[in-house]
Amino acid sequence: MVTHTKMSMKHHHRGLELSASKSFVSKKWTFFLCIGFFCAGTLFSDRMWPEPEANVVSREASDERLHLVSDDCDSSKKSLKLESKDSLGEAYKSPDAIQTLDKTISTLEMELAAARAAQESIMNGSPVSDDFKLPETATRRKYLMVVGVNTAFSSRKRRDSVRATWMPPGENRKKLEEEKGIVMRFVIGHSATPGGILDRAIQAEESKHGDFLRLDHVEGYLELSAKTKSYFTTAYALWDADFYVKVDDDVHVNIATLGAELARYRMKPRVYIGCMKSGPVLAQKGVRYHEPEYWKFGEEGNKYFRHATGQLYAISRELASYISINQNVLHKYVNEDVSLGSWFLGLDVEHVDDRRLCCGTTDCEWKAQAGNMCVASFDWSCSGICRSADRMKDVHRRCGEGPNALLAASF
């Protein structure tokens, strides 16, 4: 029994030894395998390493280039800042330099506006081709003033009365442009049916006299504000003048006196000249000069802001440029003189109230005799000369400045 027990213990001990031996061999192989895998991994990593190393080098080189470029930009900025400071310093030292710069910028803006207006007029197909074909020639020289005589299709007799009195006809009118820098044109748009009998009649009259400025505008009494805007925009595009004048065809004008009066304000950049008034805002429908937008002017019974009466007014070049540039956003009231005055609200504009631009036909004669020649004469009761086609010659005889006034005038 004891022997059997001893034998069992021996066998058990040998089993443990074998098991330990097997376990020991397994650990060895595991160790060798780990070393083998490590070596293989190292070899594989060594072969793959140069490619990312090249990328790193490339990235470092790229960063270095960017750094150099950044340094160049910084130095350029510093150089520009120094130059800018130097330039500004010189400008601050010289007020004349600032004025010259402002004038240059203003001139470029106005030339751009003129080019846009001319292009727009041409693309819209203005009926008058003679003026629009030569915009460059027309704008090469400087003019004192452009006088636009507002007229309508039905006003042929009025136009003839003006041609027979204060507007020089034909060659004399062209000579006036060349020698005195005064441009004069009857201003009219086209009918609701372009090419119809009304437009053909104006075209025939234009062929005979050559004194029209045709606008891309549909004629109509309620469209006078739009016509006024179109006139200033078109005239500004065609002629480089110091002043742009609008006058009705039933008003008598002394052109030499007008030119002398405007020449006094040549050094004023933004001037608005006329007989300034501030009439009541008429809210009642059916009355003459009814204001549909009366509510914009406050309580009923209020008056308009100061503006020039519509028979004749003049604006300087910069104001004509302003209208041309902003023509698409300027609001139009039903009364064109109110519209024009409203366009200058908020601007640094000098309003000149000159009563010589609105003399009556009964007092212009004695004023002329007293040496105080009127610029324009009309009857307030008719908002122009009553029956002007018949009376224009009489007013001209009594109140006109004489046939040699223009020839002797120097502006």
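Is Cys-364 buried or exposed? Cys-364 is buried, because its relative accessible area is 1%. The model is a predicted one.

## Disulfides at a glance

The structure holds four disulfides. Each such link is a covalent bond between the sulfur atoms of two cysteines. Counting bonded cysteines along the protein chain, the pattern reads 1-2, 3-5, 4-8, 6-7. Three of these links are described below.

## Cys-364 and Cys-399

Cys-364 is joined to Cys-399, with an S to S distance of 1.8 Å. The angle about the S-S bond is 50°, and the link is right-handed. Cys-364 lies in helix H13, while Cys-399 lies in helix H14 (residues 388-399), so the pair ties together parts that are 35 residues apart in sequence.

Cys-399 is buried, with a relative accessible area of 1%. For Cys-364 the relative accessible area is 1%, and this residue is buried too.

## Cys-359 and Cys-374

A disulfide also joins Cys-359 to Cys-374, with 2.1 Å from S to S. This link is left-handed, at -90° about the S-S bond. Cys-359 belongs to strand S9 (residues 359-360), and Cys-374 sits in the loop between helix H13 (364-369) and strand S10 (376-378), so the bond ties together parts that are 15 residues apart in sequence.

Both ends are covered. Cys-359 has a relative accessible area of 2% and is buried. Cys-374 is buried at 1%.

## Cys-382 and Cys-386

The sulfur atoms of Cys-382 and Cys-386 are 1.8 Å apart and form a disulfide. The torsion about their S-S bond is about 95°, so this link is right-handed.

Here the two ends fall into separate classes. Buried means under 20% relative accessible area. Cys-386 is at 18% relative accessibility, so Cys-386 counts as buried. Cys-382 is at 33% and counts as partly exposed.

## The sheet of S5, S10 and S9

Three strands make an open sheet, in the order S5-S10-S9, with mixed pairing. Its edge strands are strand S5 (252-253) and S9, and each of them pairs on one side only. S9 is also the strand that holds Cys-359.

S5 and S10 run antiparallel and are joined by two bridges. Within this pairing, His-252 stands opposite Ser-377 in S10. In general, strands of a sheet pair through backbone hydrogen bonds, either parallel or antiparallel.

## Strand S7 and its partners

Strand S7 spans residues 307-316. S7 is mostly covered, and 10 of its 10 residues are buried.

Which strands pair with S7? Strand S4 (residues 240-248) pairs with S7 in the antiparallel sense, over five bridges. In this pairing, Val-247 has Leu-312 of S7 as its bridge partner. Strand S6 (271-277) also pairs with S7 in the antiparallel sense, again over five bridges. Tyr-272 stands opposite Ile-315 in S7.

## Helix H10

How many of the nine residues of helix H10 (residues 255-263) are buried? Seven are, so H10 is largely enclosed by the rest of the structure. The buried residues are Ile-255, Ala-256, Thr-257, Leu-258, Gly-259, Glu-261 and Leu-262.

Charge does not keep a residue out of this list, as Glu-261 shows by being buried.

## The loop between S6 and S7

S6 and S7 are linked in sequence by a loop that holds Tyr-289. Glu-299 is found in this loop as well. Glu-299 counts as exposed, because its relative accessibility is 64%. The C-alpha atoms of Glu-299 and Val-281 are separated by 9.6 Å, and these residues are 18 apart along the chain.

Tyr-289 is partly exposed, with a relative accessible area of 36%. Together with Tyr-221 and Leu-222, Tyr-289 makes a nonpolar surface patch of about 360 Å². Patch residues must have over 30% relative accessible area. Tyr-289, at 36%, can therefore take part.

## Summary

Four disulfides are present. The bond of Cys-359 and Cys-374 is left-handed, whereas the bond of Cys-364 and Cys-399 is right-handed, as is that of Cys-382 and Cys-386. S7 is mostly covered and pairs antiparallel with S4 and with S6. The loop between S6 and S7 holds the partly exposed Tyr-289 and the exposed Glu-299.

Key
Residues numbered from 1 in each chain as written. Predicted model: local features only at pLDDT ≥ 70, side-chain atom pairs only at ≥ 80, totals over all residues. Heavy atoms only, no water. Patch = residues over 30% accessible without salt bridge, like charges linked within 9 Å, V, L, I, M, F, W, Y side chains within 5 Å. Areas by Shrake-Rupley, 256 points an atom, 1.4 Å probe, with all protein chains shown as cover. Salt bridge = Lys/Arg side-chain N within 4 Å of Asp/Glu carboxyl O. Helix = DSSP H or I, 4+ residues; strand = E, 2+ residues; numbered from the N terminus. Buried < 20%, exposed > 50% of the residue type's maximum accessible area, 1.4 Å probe, protein only. Disulfide = S-S within 2.5 Å. Pairing = 2+ DSSP bridges.
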